[in-house]
Amino acid sequence: MASQTSKPNIVFVLTDDQGYGDLGCTGNPLIRTPNLDAFYQESTHITNFHVGPTCAPTRAGLMTGHYANSTGVWHTIGGRSLLRKDEWTLAAALGEDGYRTGIFGKWHLGDAHPYRPQDRGFAVSVVHGGGGISQTPDYWGNDYFDDTYYVNGEPQAFTGYCTDVFFREAMKFIEENKDRPFFCYVATNAPHAPYNVEDQYADLYRGQVAEQRARFYGMITNIDDNFGKMQRKLRELGLEENTIVIFMTDNGTSGGATIDKQGFVVDGYNAGLRGLKNSPYDGGHRVPFFMRWPQGGVRPGIDVGEVSANVDFMPTLLDLCGVEAPAGRTFHGRSLKPLLCDGNAEAWPDRVLVTDSQRLVQPVKWRQSAVMSNRWRLINGAELYDASVDREQRHNVAGEHPEVVSQLRDEYDRWWDIVSGQYDEEIPISIGAEASAETCLNGHDWRNEDCDVPYHHGLIRQGKPANGYWEVDVVREGRYRFELRRWPREAGHAMTAGIDGDDVVWSKQWISEKNWSYYTGGEALPIRQATLNIGGQEVVQEVAAGDTSTVFLIDLQAGSTHLHTKLTDGEGGELSLGAYYVYITRIS
């Protein structure tokens, strides 16, 4: 039996693209989630909990207590999934209070200094790159099975399925820290597409639903199996009573339902909600939230219906753990402790919260937005729904309640004033920092006019003819070495090379259904010339046959600037694209 500290431990499980209806306990008639269903019976459930409609914005709000747009995170790519370096994170707050902190799985708030998890308060990190396994920042060749992940920033090969690995590493972390307070954040890549999973899980659903949904559901059942193992580990170590365990998902479902053009479900199950991932309707951002903490007085089997959101997560956990925010640190959310432990809903204000999905270079007012109170939903500033009687948001009553529309529009304006103050400020990646001997930039974080970037390995294989620039901060003046590549270093291919092979990452059915260019092999490109432009200097070199990279040495002054690259087939040629990968070191 492990000794218990007075402070509670925290285990936070966040799944990716699993919606409100993708659980047995929320009414899904097909999916098998017995461990999470049992956990539901032992937990308090916040039934009106909202997040961002996509991955990175949700995580920004969870980790800071601030609206995602104000933190610089309003997209999942294009340099706007990077959490501003002055944001104080939940991991940093808990670490400063003596907690051992660890993350296992998906970070998606930056892959280079100063945005990596190890820069933001996590003492232990085992993560994939970017917003999903096989995206551009991720280790080349990862496909969910026997992958290489970054352990405190260094690549390390693992054996097994991705979700199994992340939970296994998390349980190892728990056991190693059983005698001290810990924060264990398990952020699974599953069930994010591509829907790769072992047949033993997909077979549970084949013949009942289409192939891609069978795989999607299989991924969730695998998560459920691992969640059960983690619960048993806590029990075995004597930690169950004084550990806050939270399960939630990061946005609406991506694979659990099919919708029509208006967002209404025509096939599958979505718990009576309209819209899927990336929708301003509740199906895009209303998610399950279950919390269990027996020793702390969190009441089992209770529904909490007050509107709440990811911005409440950090202040709630700090309050439950007795961690005080220092002077000058404030939150856009508030602690939910009175609702979770005291049940004093009568004294809780009927506040208004806002979520939106921008996915643009620069945010646009009212775009894909939801203004929410306990009763009302104002969508895109125009449509009004009474959520107390119209869960599916079928009946627009804006014309009947103009005063409510006006009030909620005013609330949105106040929110916009809060989040828009830094929209024009850059979010540069550091080069030459002592904390990072080498910086790897990749096309996932390019800035360009329409966020048209090569954000996954399939587009690298294709040789996507796109370009952009990186916002960078030269931390120290000196001579720098820039290594431009089409393929990442671990791939080892020549810049001009195509790839033969059968390393299937995305299934043919997924390619067909989504019309995305995820495929095996890779296109040969007639690259003959490489150009680098930074700090007012532009240099050009020829690319010889067989070269895997082109190297430039440049003297730079300290300060913020832009980095541009270009790979072409020579002056006047038709081929032009950016270097998808650039490795940078300060050499003197």
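These legends walk through several close-up views of one predicted model.

Residues are numbered from 1 along each chain as its sequence is written, and side-chain values use heavy atoms, with hydrogens and water left out. Because this is a predicted model, local features need pLDDT of at least 70 and side-chain atom pairs count only at pLDDT 80 or more, while totals for chains, interfaces and linings use all residues.

**View A. Strand 8 sits enclosed between two parallel partners.** Helices (H or I, at least four residues) and strands (E, at least two) are DSSP runs, numbered from the N terminus. Buried means under 20% relative accessible area, exposed means over 50%, and partly exposed lies in between (1.4 Å probe, protein chains only). Strand 8 covers residues 182-187, and 6 of its 6 residues are buried, so the strand is largely enclosed by the rest of the structure. Look for Phe182, Cys184 and Val186 pointing one way, with Phe183, Tyr185 and Ala187 pointing the other way. In a regular strand the side chains alternate between the two faces of the sheet. Two strands pair if DSSP finds at least two bridges between them. Strand 1 (residues 9-15) runs parallel to strand 8 and is joined to it by 5 bridges; here leucine 14 stands opposite alanine 187. Strand 4 (residues 100-105) also pairs with strand 8 in the parallel sense, over 6 bridges, and threonine 101 stands opposite phenylalanine 183.

**View B. Isoleucine 174 belongs to the largest nonpolar core.** A nonpolar core is a set of buried Ala, Val, Leu, Ile, Met, Phe, Trp, Tyr and Cys residues joined through side-chain atoms within 4.5 Å. The largest one has 50 residues, and those with the most contacts inside it are Val11, Ile174, Cys184 and Met230. Helix 6 gives the most to this core, with 9 residues. Contact means heavy atoms within 4.5 Å. Not counting residues up to four places away in sequence, isoleucine 174 touches Val11, Phe182, Cys184, Met230, Leu234, Leu237 and Leu239. A second, separate core of 49 residues includes Ile46, Val127, Cys321 and Leu339.

**View C. Helix 1 has a buried face.** In helix 1 (residues 34-41), the buried residues are Leu36, Phe39 and Tyr40. Seen down the helix axis, they fall within an arc of 105°, so they line one face of helix 1. The arc is that of the directions from the helix axis to the C-beta atoms. An α-helix has 3.6 residues a turn, so residues three or four places apart point the same way. On the other side of helix 1, find Pro34 and Gln41, which are exposed. The buried residues pack against strand 2 (44-46), helix 6, strand 9 (243-249), strand 13 (289-292) and strand 14 (302-304).

**View D. Helix 8 is largely enclosed.** In helix 8 (residues 313-320), 7 of the 8 residues are buried, so the helix is largely enclosed by the rest of the structure. Those buried residues are Phe313, Met314, Pro315, Thr316, Leu317, Leu318 and Leu320. Threonine 316 has a relative accessible area of 4%. Leaving aside neighbours within four places in sequence, threonine 316 is in contact with Arg334, Ser335, Leu336, Lys337 and Leu340. Helix 8 is followed by glycine 322, whose phi is positive, near 70°.

**View E. Cysteine 321 is buried and has no disulfide partner.** A disulfide is a pair of cysteine sulfur atoms within 2.5 Å, and by this rule the count comes to 0. Why is cysteine 321 without a bond to cysteine 341? The sulfur of cysteine 341 is the closest cysteine sulfur to that of cysteine 321, but at 11 Å it is too far for a bond. Cysteine 321 is buried at 4% relative accessibility, and cysteine 25 also counts as buried, at 19%.

**View F. Glutamate 211 makes polar contacts with two arginines.** A polar contact is a pair of N or O atoms within 3.5 Å; within protein, one must be able to donate a hydrogen and the other to accept it, and residues adjacent in sequence count only if both atoms are side-chain atoms. Glutamate 211 lies in helix 6 (residues 211-236) and is partly exposed, at 22% relative accessibility. Its side chain joins that of arginine 206 through a polar contact of 2.9 Å, and a polar contact of 2.9 Å also links glutamate 211 to the side chain of arginine 215.
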